[in-house]
Amino acid sequence: MQASQIEIVPFGPNHLEAAVALSRQAGWPHRTEDWQLALALSDGMVAVEDGRVVGTVLVTPYKEACATINMVIVDQTMRGRGLGRRLMDAGLLIAGDRPLRLVATTAGLPLYQKLGFHETGTVLQHQGLAAEIVAPAETEAATDADLAGIAELDRLAFGADREGLLSYFAGIGEFAVIRRDSGISGFACLRPFGRGEVIGPVVAADLGQARMLIEHFIARRPGRFLRIDTTAETGLSPWLAEHGLAHVGGGITMKKPLVHDAADPTTTTFALASQALG
């Protein structure tokens, strides 16, 4: 059956079970709860053939500043028929005129390049059982009153307002902060995801602060399964491996159009990948 006979329809809660099955087929660790989080923050479309979901795409807008493309999956029996392009075209319509970001696999790279996306970097995924370490003295648990300051730091680092995303994370996870001069100079988040928990985003004034914020959560989860996604240029891979979080894969960060990164050049940023939502 040709891709032209497949219907592209809005992604609704009734499609979640099938979406979880697709992500498992692709080898992704997403639970139903992870898909529910992504859908709560996003608009999306699914490809349906004879009542069966055979593809997904989600678009997460951050007001008008930008949007991320997430969860682009095509059933393995349907690949090579142009369905990925149809799903991406549907996603681009949802995004409108916003600048776009995504994290690509090697297999998806050619399609995204054809659609005008440009490579901007590399994401490295690390995961494993957390080592036993001493918690840093400079970090502390965030309070509800810290969320506004956390959101402002994140906006400067990410280049867009993600207050809604961070508020959602605060409801299901926890934040740690470093305080300097009566203000917050860095933060990290820990939330349930996949096989265990994921650390991120992490925003810090320098690499030393970033390490302390990551250590804050590693120290509190000895022997527990943790994941963190970082960027290649940080050089953190060997350090993370020493803490039990081995490099297991990654992806290619991309933007459309290629726009100036609004991040403060003094800020070190670690983002989740397809990452922010899985």
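Outside the four places in sequence on either side of Ile 150, this residue is in contact (heavy atoms within 4.5 Å) with Ala 142, Leu 166, Phe 175, Val 177, Ile 184 and Phe 187. Ile 150 belongs to helix α5, residues 147-158; helices (H or I, at least four residues) and strands (E, at least two) are DSSP runs, numbered from the N terminus. Its relative accessibility is 1%, so Ile 150 counts as buried; buried means under 20% relative accessible area, exposed over 50%, and partly exposed in between, with a 1.4 Å probe and protein chains only. Between the C-alpha atoms of Ile 150 and Val 203, which are 53 residues apart along the chain, the separation is 8.9 Å.

The model is predicted, and local features need pLDDT of at least 70, side-chain atom pairs count only at pLDDT 80 or more, and totals for chains, interfaces and linings use all residues. Residues are numbered from 1 along each chain as its sequence is written, and side-chain values use heavy atoms, with hydrogens and water left out.

## Nonpolar cores

A nonpolar core is a set of buried Ala, Val, Leu, Ile, Met, Phe, Trp, Tyr and Cys residues joined through side-chain atoms within 4.5 Å. The largest one has 25 residues, and Leu 83, Leu 102, Phe 117 and Met 254 have the most contacts inside it. At least two residues of this core come from each of β2 (43-49), β3 (52-62), β4 (66-74), α3 (83-95), β5 (100-104), α4 (109-114) and β12 (246-256). Helix α3 gives the most, with six residues. Apart from this core lies another, of 20 residues, among them Ala 130, Val 202, Leu 213 and Ile 228. In soluble globular proteins, nonpolar side chains tend to be buried together.

Not counting residues up to four places away in sequence, Leu 102 touches Ile 69, Met 88, Tyr 112, Phe 117, Ile 252, Thr 253 and Met 254.

## Helix packing

Helix axes are lines fitted to C-alpha atoms over the stretch in contact, and angles run from 0 to 180 degrees between N-to-C directions. The axes of α1 and α2 come within 9 Å and cross at roughly 115 degrees. Helix α1 is therefore roughly perpendicular to α2; angles under 35 degrees count as roughly parallel, over 145 as roughly antiparallel, 65 to 115 as roughly perpendicular and the rest as oblique. The crossing of α1 past α2 is right-handed; a crossing is right-handed if the near helix is turned clockwise from the far one by less than a right angle, and left-handed if anticlockwise. Leu 16, Ala 19, Val 20 and Ser 23 of α1 meet Thr 32, Trp 35, Gln 36 and Leu 39 of α2 in this contact. By class, the contact of α1 with α2 has five nonpolar, three polar and no charged residues; Ala, Val, Leu, Ile, Met, Phe, Trp, Tyr, Cys and Pro count as nonpolar, Asp, Glu, Lys and Arg as charged, and the others, Gly among them, as polar.

Helix α2 (residues 32-41) also packs with helix α6 (residues 163-172), at an angle of about 150 degrees and with axes 11 Å apart. The two helices are therefore roughly antiparallel to each other, and α2 passes α6 in a right-handed crossing. Gln 36, Leu 37, Ala 40 and Leu 41 of α2 make this contact with Gly 164, Leu 165, Tyr 168, Phe 169 and Ile 172 of α6. The residues of the contact of α2 with α6 divide into seven nonpolar, two polar and no charged.

## Loops and backbone geometry

Four loop residues are listed below.

| Residue | Loop | Relative accessibility |
|---|---|---|
| Ala 26 | between α1 and α2 | 32%, partly exposed |
| Asp 50 | between β2 and β3 | 71%, exposed |
| Lys 63 | between β3 and β4 | 56%, exposed |
| Glu 138 | between β6 and β7 | 40%, partly exposed |

Leaving aside neighbours within four places in sequence, Glu 138 is in contact with Val 177, Ile 178, Arg 180 and Met 212. From C-alpha to C-alpha, Glu 138 and Val 59 are 37 Å apart in space and 79 residues apart in sequence.

Most residues other than glycine have a negative phi, and most peptide bonds are trans. Asp 50, although not a glycine, has a positive phi of about 50 degrees, and Lys 63, also not a glycine, has a positive phi of about 55 degrees. Gly 200 and Pro 201 are joined by a cis peptide bond with omega of about 0 degrees; Pro 201 lies in strand β10, residues 196-204.
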